[in-house]
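Thanks, everyone. Please have a look at the structure first, and then I will walk you through a few places in it.

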Amino acid sequence: MEFLEFEGKNPEEAIQRACEHFQQPPENLEIEILSVGSPGIFGLGSRKARIRAALRELPPAEEAAPEVDVAAQGRDLLARLLALMGETAQVSATLEGDRLSLTIESADAGLLIGKQGQTLEALQYLVGKMLARQSKKKLRVLIDIESYRARHEQALVQLALKSGDKVKRTGKPVTLTPMNPHDRRIIHLALQGDSELKTMSRGEGLYKKVVVYPVKKKESRNNSPAA
C-alpha cells in the first residue's frame with residue numbers, strides 16, 4: 001500500500017484533494033492525518049493541514065450468479081418425473097411472465113391425465129413445488145397434454161350452464177361433484193352474469209362442491225341496478 005501526502009487549508013480540503021487524485025470516495029481510502037494545520041494570527045504563522053492517503057485494499061467483487069433458465073429447469077423436472085413413471089414422452093416449455101406452461105406429448109395421454117385430470121393435477125403440483133424450491137421464484141406452473149385444459153374448461157362451462165338451466169326449471173339448488181379451486185372458479189365465472197342464479201362453494205379441504213342456487217324474486221329485485 002503506497003501512501004501519498006496531501007495538503008490543504010484544513011483536513012477536509014486535504015482529504016478532498018486525495019479523493020480527486022485517486023478518483024475514489026473517502027471510504028475507499030486509508031487516511032492518516034499528519035497535521036490539522038493552523039490559521040495563525042492575522043495570517044502570520046499559518047500552517048497547512050497535511051494527510052497521508054492510499055487506496056484501501058478492496059475485496060474482489062462477487063460474480064453475479066448466472067440467471068437460471070426456469071423454463072428449461074421446469075421442463076427437465078417434468079421429464080424426469082415422467083421417466084420415473086416409466087412413461088416415454090416429450091416435454092416443451094414456454095415462460096410468459098410468472099406463468100410456466102409445460103406441454104407433454106405422449107402416446108399414453110389418457111393415463112397421464114387420469115380420472116378427472118387428477119394425475120395431471122398431481123404432476124402439476126409436484127413440479128410447481130420442486131421448481132419453487134430450486135429457482136426461489138414464485139411461478140404459476142400449468143401442465144397440459146393434447147389440449148386437455150381447453151377441452152376440460154369448455155366441458156365445465158357447459159356443465160355450469162346445464163346446471164343453471166336445471167335450477168331455473170325446478171327452482172331447487174343443484175350440487176356439483178367435488179372440484180379443485182381452479183375448476184370451481186370456472187363454474188363461478190360461467191354463471192356470475194346470470195341474475196337468476198348464485199353459486200357458493202361448500203365443504204372442507206381442497207376439493208369442495210359448488211352449489212348453484214336460484215335467486216329469489218325479492219333478492220333479484222334488490223340486486224338489480226336502479227333505473
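Start at Leu78. Leaving out residues up to four places away in sequence, Leu78 touches Val91, Leu102, Ile104, Leu123, Val127 and Ile143. Keep in mind that this is a predicted model.

Now widen the view. Leu78 belongs to the largest nonpolar core, which has 21 residues. Which members touch the most others? They are Leu78, Leu82, Leu102, Ile104, Val127, Ile143 and Ile145.

Where does this core come from? Five elements each supply at least two of its residues. Three are helices: H2 at 70-84, H3 at 109-113 and H4 at 118-135. Two are strands: S5 at 99-106 and S6 at 140-145. Which one gives the most? Helix H2 does, with six residues.

There is another core, apart from this one. That second core has 12 residues. Among them are Ala160, Val174, Leu191 and Leu197.

On to a helix pair. Helix H5 covers residues 148-170, and helix H6 covers residues 181-191. Their axes lie 9 Å apart, and the packing angle is about 50 degrees. How do we class that angle? Angles from 65 to 115 degrees would be roughly perpendicular, and those under 35 roughly parallel. H5 and H6 are therefore oblique to each other. The crossing of H5 past H6 is right-handed.

Who makes the contact? From H5 come His152, Glu153, Leu156, Val157, Ala160 and Leu161. From H6 come Asp183, Ile186, Ile187, Ala190 and Leu191. Sorted by class, that gives eight nonpolar residues, one polar and two charged. Two names should sound familiar: Ala160 and Leu191 were also listed for the 12-residue core.

Last stop: two backbone details. First, Gln23. This residue sits in the loop between helix H1, 11-22, and strand S2, 29-35. Its phi is near 55 degrees, a positive value in a residue that is not glycine. Is Gln23 buried or exposed? Its relative accessibility is 69%, so Gln23 counts as exposed. The cut-off for exposed is over 50%.

Then Ser147. Look in the loop between S6 and H5. Ser147 is not a glycine either, yet its phi is positive, at about 55 degrees. Its relative accessible area is 46%, so Ser147 is classed as partly exposed.

To recap: Leu78 sits among the members of the 21-residue core that touch the most others. H5 and H6 pack at about 50 degrees. Gln23 has a positive phi, and so does Ser147. Over to you for questions.

How values were computed. Residues numbered from 1 in each chain as written. Predicted model: local features only at pLDDT ≥ 70, side-chain atom pairs only at ≥ 80, totals over all residues. Heavy atoms only, no water. Axes fitted to C-alpha atoms, helices over the stretch in contact; angles between N-to-C directions. Helix = DSSP H or I, 4+ residues; strand = E, 2+ residues; numbered from the N terminus. Parallel < 35°, antiparallel > 145°, perpendicular 65-115°, else oblique. Left-handed = near helix turned anticlockwise from the far one by under 90°. Contact = heavy atoms within 4.5 Å. Nonpolar A, V, L, I, M, F, W, Y, C, P; charged D, E, K, R; others polar. Core = buried A, V, L, I, M, F, W, Y, C linked by side-chain atoms within 4.5 Å. Buried < 20%, exposed > 50% of the residue type's maximum accessible area, 1.4 Å probe, protein only.
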